[in-house]
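Please open the structure in your viewer and keep the selection tool at hand. The stops below take you from one selection to the next.

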Amino acid sequence: MIDNSLAGVGINLRLDYIDELLEKKPNLPFVEVIADNWLSFGPHHKKLEKVRELYPISFHCVGMNLCSDDKIDSKYIDSIKSLSERFNPFQISDHLSVQALDGNYFHDLLPHPFSHSIIKSTANKIDEIQNILKRQILVENLSYYHQFEESEMKEYEFINQLAELADCHILFDLNNIWVNEMNYGICSENFLKKINHDRVKEIHIAGAEIIDGIYVDTHGSSVNESVRTLLKRAEAVLGDCPIVYERDNNLPTFGEFIKERVQIEEMLYAPA
Amino acid sequence: MHLPRSFYDDILKLNDLTNVYQRNYYNSHFTQIEKVFLSCEKVLGVDNFKFFIDQFVRLAKAESPNLDMYGQDFADYLSSRNELEEMGYIKHLAKLDFFWFEQSSKSIELPFGILDFWGKLINEKELSNIEIDEDIMETISILKDEQGDSYLSASCLK
């Protein structure tokens with residue numbers, strides 16, 4: 001199901017940019033959309049159909065609630081399944097996070113301890129979801145602003161063990177590991193070395209901001225030079241892999257956004 | 001149970017808004033109410049409106065994965081406030097705000113005069129000759145004009 005001919009730098013397609021994308025039709029290997037924004041049927045679906053005619057689409061979800069103690073939301077997964085049957089995304093991903101607990105929704109991506117019991121419970125949920133969707137999903141590493149005493153292992157160990165147990169793939173967010181390095185001193189180069197390269201099937205890059213002295217993964221700035229360097233190193237060890245440049249805040253013009261995407265791609269594929 | 005509950009429970013307490021996660025939660029839900037209840041802001045004034053949003057966000061947990069559904073109880077919350085006892089119409093205005101935001105295909109029944117009042121608040125028109133009659137109910141629906149733009153239309157029940 002994973003198509004590595006989609007290598008190159010795609011974009012996260014926000015509703016703000018969709019009309020201009022359809023008008024200008026920039027040269028892109030693919031686009032990624034937040035699937036949750038498209039779950040309610042309406043005339044906006046016609047726009048996504050037109051996008052799909054032009055580009056392969058990847059679905060990035062925010063509602064699977066993978067690491068929570070709450071059971072999976074079958075209605076939500078069925079909605080994602082219906083949407084994917086309609087638009088045929090080349091892959092579907094969500095976050096290794098807690099989005100709701102005990103029926104209370106945070107509307108945020110909350111961290112969790114890196115523990116054996118959470119590996120097991122999350123793997124069970126992923127297994128159930130993959131059976132419903134009839135495909136493997138990708139699970140994304142988070143930036144986090146809290147560390148748990150209850151953690152029993154490093155984050156990359158958690159992700160690697162989980163991916164093996166659940167037989168799922170990894171969406172490797174380089175800005176997130178860099179933000180965690182800046183805040184907690186966790187070496188991103190070592191993370192890149194230790195993550196299971198065979199299971200990484202997509203990369204995310206974005207820009208961070210400093211808010212009250214903390215680096216925050218806001219997707220609100222250009223991609224930092226350190227993250228671009230990390231991307232170059234990642235490409236060397238991971239091989240060709242779809243890369244998504246995410247921008248969600250302090251939005252530039254569509255032209256500027258596409259220009260930056262081109263610059264990242266040129267940096268990535270420039271001869272050494 | 002695999003997760004340490006205290007971390008997640010503390011976020012919902014909203015007692016330390018210097019905490020990143022508490023701040024995120026507070027801001028996203030505050031902004032959602034601010035965005036939806038436009039006529040309420042006009043009638044209460046910005047400062048009072050923000051006060052009631054603050055109190056509501058601290059009290060009302062989000063029970064839907066869809067953030068756009070947060071605030072469906074805001075109308076009932078406002079009508080429960082002693083400070084707003086004399087403003088019985090605020091509940092109806094809030095219901096209409098949410099109905100308009102939701103762009104529901106269903107209809108809503110509200111006292112005669114609320115739609116007129118709401119329209120004048122939203123469009124910043126002079127608030128003269130507003131008559132609200134709780135004994136006469138109007139069925140309000142969202143329709144589309146020739147350009148495809150939505151508007152509210154009312155028909156009277158007795």
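Which residues does A:Ile195 touch, leaving aside those up to four places away in sequence? In this predicted model, select A:Ile195 and display its surroundings: there you will find A:Tyr156, A:Ile159 and A:Asn160, together with A:Ile170, A:Phe172 and A:Val200.

Now widen the selection to the largest nonpolar core, which has 80 residues and in which A:Ile195 is listed with A:Val139, A:Ile159, A:Ile170, A:Leu174 and A:Ile205 as those with the most contacts inside it. Colour helix 5 of chain A, residues 155–166, since this helix gives the most to the core, with 6 residues. Apart from this core lies another, of 27 residues, and to find it you can select B:Leu44, B:Ile53, B:Leu78 and B:Ile90, which are among its members.

Next, stay with chain B and show its open sheet of 3 strands, whose order is 1-2-3 and whose pairing is antiparallel. Strand 1 (108–112) and strand 3 (150–156) are the edge strands, each pairing on one side only, and the twist averages 40° from one strand to the next. Select strand 2 of chain B, residues 133–144, and follow its antiparallel pairing with strand 3 of chain B over 7 bridges; B:Leu143 stands opposite B:Tyr151 in strand 3.

Finally, add the helices that pack on this sheet. Helix 6 of chain B (residues 90–102) touches strand 1 and strand 3, and its direction makes about 145° with that of strand 1. Helix 7 of chain B (residues 114–122) touches strand 1, strand 2 and strand 3, and its direction makes about 90° with that of strand 1.

Technical notes
Residues are numbered from 1 along each chain as its sequence is written. Chains are lettered from A and ligands numbered from 1 in the order in which they are written. This is a predicted model: local features need pLDDT of at least 70, side-chain atom pairs count only at pLDDT 80 or more; totals for chains, interfaces and linings use all residues. A nonpolar core is a set of buried Ala, Val, Leu, Ile, Met, Phe, Trp, Tyr and Cys residues joined through C-beta atoms within 7 Å. A residue is buried if 20 or more other C-beta atoms lie within 10 Å of its own, exposed if 12 or fewer, and partly exposed in between; C-beta atoms are placed from the backbone. Helices (H or I, at least four residues) and strands (E, at least two) are DSSP runs, numbered from the N terminus. Two residues are in contact if their C-beta atoms, placed from the backbone, lie within 7 Å. Two strands pair if DSSP finds at least two bridges between them. Axes are lines fitted to C-alpha atoms, for helices over the stretch in contact, and angles run from 0 to 180 degrees between N-to-C directions.
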